[in-house]
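Work through the exercises below with the structure open beside you, and try each task before you read its solution.

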Amino acid sequence: MSMFQICGVVVHLFDAPGRIDKESGQVDDDKPKVQIMGEVPQRNGQVKFELVSLTCHNPADFSELLGQRITVPLGMFAPKAGQVLYFIPQGSKPALAS
């Protein structure tokens, strides 16, 4: 179980083009992505809507949930100062939010 979760509405699924290795010119496979519209609480009690795009390992898990409010575990890492990247941990599945 992940300590962090994202909660929001599944709004879109798409395939992001694979990256190109600058040295070899080899192209990676496309990566399936899910876009989730979440609510970010603000200090003044209001919320800000934010669209988050995350790589999903099994797009079929999300396709049945388009337009629905879900929760899914969220992982994160900081490759350099001031930058945080988010991801769905391998094997995690979305669940309908209550």
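**Exercise 1: the sheet**

Task: In what order do the five strands of the open sheet lie, and is the pairing parallel or antiparallel?

Solution: In this predicted model, the five strands of the open sheet follow the order S3-S2-S1-S4-S7, and their pairing is antiparallel. The next step is to look at the edges, where strand S3 (47-55) and strand S7 (95-96) each pair on one side only. Strand S4 (residues 69-73) is joined to S7 by two bridges, and these strands run antiparallel; within this region, Ile-70 stands opposite Leu-96 in S7.

**Exercise 2: the core**

Task: Which residues touch the most other members of the largest nonpolar core, and which strands each supply at least two residues?

Solution: The largest nonpolar core has 13 residues, of which Val-34, Leu-54 and Phe-62 touch the most other members. Strand S1 (5-16), strand S2 (31-41), S3 and S4 each supply at least two residues of this core. To follow one residue further, leave aside residues up to four places away in sequence; Phe-62 then touches Val-10, Leu-13, Val-34, Cys-56, Ile-70, Val-72, Ile-88 and Pro-94.

**Exercise 3: the surface**

Task: Which residues form a nonpolar patch on the surface, and why is Tyr-86 classed as partly exposed?

Solution: The patch is formed by Met-3, Phe-4, Met-76, Val-84 and Tyr-86, which together have about 550 Å² of accessible area. Tyr-86 is found in strand S6 (residues 83-87). Tyr-86 is classed as partly exposed because its relative accessible area is 44%, which lies between the limits of 20% for buried and 50% for exposed.

Note on methods: Residues are numbered from 1 along each chain as its sequence is written. This is a predicted model: local features need pLDDT of at least 70, side-chain atom pairs count only at pLDDT 80 or more; totals for chains, interfaces and linings use all residues. Side-chain values use heavy atoms; hydrogens and water are left out. Patches are made of residues with over 30% relative accessible area and no salt bridge: like charges are joined within 9 Å, nonpolar side chains (Val, Leu, Ile, Met, Phe, Trp, Tyr) within 5 Å. Accessible areas come from the Shrake-Rupley method with a 1.4 Å probe; for residues, only the protein chains shown count as cover. A salt bridge is a side-chain nitrogen of Lys or Arg within 4 Å of a carboxyl oxygen of Asp or Glu. Helices (H or I, at least four residues) and strands (E, at least two) are DSSP runs, numbered from the N terminus. Buried means under 20% relative accessible area, exposed over 50%, partly exposed in between (1.4 Å probe, protein chains only). Two strands pair if DSSP finds at least two bridges between them. A nonpolar core is a set of buried Ala, Val, Leu, Ile, Met, Phe, Trp, Tyr and Cys residues joined through side-chain atoms within 4.5 Å. Contact means heavy atoms within 4.5 Å.
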